[in-house]
Amino acid sequence: MRPAAAPPPRFKRDVARALADATLKTAIDRTTVTAERKRAAALADYPQFAAARERGTRIKDHVIANLDRYLEEFERNATASGARVHWAADAEEACAIVLGICRAAGARRVTRSKSMLGEEIGLPHALEAAGIERVETDLAEHIIQLAGETPSHIIWPALHKTREQISALFKAAHRDPHKTEDAEAMVESARRELRERFLTAEVGISGANFLIADSGAVCTVTNEGNAELTTTPPRVHIATAGIEKLVPSLAHAFVLLRLLVRSATGADITQYTTFHCGPRRPGDRDGPEEFHIVLVDNGRSRMLRDAGGLRQMLRCIRCGACMNHCVVYRQIGGHAYGATYPGPMGAVLTPALEGEEKARDLPHACTLNGRCQEVCPVSIPLPTLLRGWRDRSWKEGLVPQGFRSGLGLWRFAAERPWLYRLGTAAGVRAMRLFGRRGWIARMPLAGSWTRYRDLPAPAGRTFMEQFRAGERAGGDGVRR
Ligand code: SF4
């Protein structure tokens, strides 16, 4: 076993910073509370949700179990439709392929519609490093680009920004900014700013929500229509997609689309659901002359082979419901996770994609209340997978020595009931000493808990003391 490494300071520092930011908390609450309410209303209007969830889970499991076959089928059909399919083993190779296509197209400007895979492989940075102007066309991604930040949520990348902050960004960067402070005027300002760039980009880069194996089509879903404007006017369209995005057919995609949209935004359907199938054909009025699809592995095959059940994470359809309902995410937001994917799904995915050592704090940023699994439209057992990561980091010696020693002490006492009883009785009495009006605001050794919240002071005697008193009084020890 390796010696326990010191915890990386960044996560704890970023969490402390996020917790101290009242504006951030207001911004997170505004979006996540609304998302929670809308999702509940959408499910109430869709009684078939439970059946669709079961079906969606089965579809994803079937595809994952037959991934090699469906990948080959997709490649065959996409190629037959005129697309060019590229395979990337990792992030570096994926970026190199995209840059190669951009260079061959003589691209000086590319437009990009929102893609978490693009963030995962570091494409924004790679484009800039190659001297290619990158124009983010999703409204929230446009805000993030102006702020020089990264997304803090997989559905609402700028969830952490308030309207006032966005207004200031637009006024500083837009050539003809809004004159009034209403949302409509701000959206109009972004539209004016982006319109000309949509039309002058040489390459448009999109992600993919689903890859349809039996037609070779790529499905994208947006509410702003920016994916359509990103992929249609430029001469070249590049779609980047994780290999787990496959579904056998259009009918299967629709099952997952119903789950995705209701879980993500609480709507019945998104404003734009587009199926891109091959480049422009003779007689087509528009569309790209070249259509490239980059299929990215980047750790997914490893997850597929994982004996600890991580392959279940490949079911994820990136709806964001788990983070909207996560008590930790709702306190600290997305940036504190320090990874592309935040929240419960990110805490499972990041160690798999970036390595355990780098992400070892994330599986511990969870209360294991199970809410994420409850709302996940493809039934991913997130708490179980998080416990799996905790178990691995324990076995691999990545847990800090102080925590190991504390748990060792607890175990020593738990194996000796007399000592355990003595310890809990002493602990209860000590905690009562620190209580004021029934609450503990500060307590030595529990500072990381009481620094941010109160703790109820224990009342009266321990359960065991009450139980024994009940027995002595002639009852069965249970107070009714
Ligand atoms: S883990 Fe489930 S709830 Fe979370 S983003 Fe993925 S599909 Fe949605």
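User: How many of the residues in the protein are buried?

Analyst: Buried means under 20% relative accessible area, exposed means over 50%, and partly exposed lies in between (1.4 Å probe, protein chains only). Here, buried residues make up 51% of the 480 residues. This is a predicted model: local features need pLDDT of at least 70, side-chain atom pairs count only at pLDDT 80 or more, and totals for chains, interfaces and linings use all residues. Numbering starts from 1 along each chain as its sequence is written, and side-chain values use heavy atoms, leaving out hydrogens and water.

User: What does the radius of gyration say?

Analyst: The radius is taken over C-alpha atoms, and the globule rule is 2.2 Å times the number of residues to the power 0.38. A compact globule of 480 residues would come near 23 Å; the protein has 26 Å, which agrees. Its C-alpha trace spans about 90 × 55 × 50 Å along the principal axes.

User: What share of the contacts joins residues 24 or more positions apart?

Analyst: Contact means heavy atoms within 4.5 Å. Among contacts with a separation of 6 or more, such residues account for 71%.

User: How do I read a sheet?

Analyst: Strands of a sheet pair through backbone hydrogen bonds, either parallel or antiparallel. Strands (E, at least two residues) are DSSP runs, numbered from the N terminus. Two strands pair if DSSP finds at least two bridges between them. One open sheet here has four strands in the order E8-E5-E6-E9, with mixed pairing.

User: Which strands stand at the edges?

Analyst: Strand E8 (246-247) and strand E9 (272-276) do. Each has a single partner strand, so one side of each lacks a neighbour in the sheet. E8 pairs with strand E5 (residues 210-212) in the parallel sense, over two bridges. Isoleucine 212 has valine 247 in E8 as its bridge partner.
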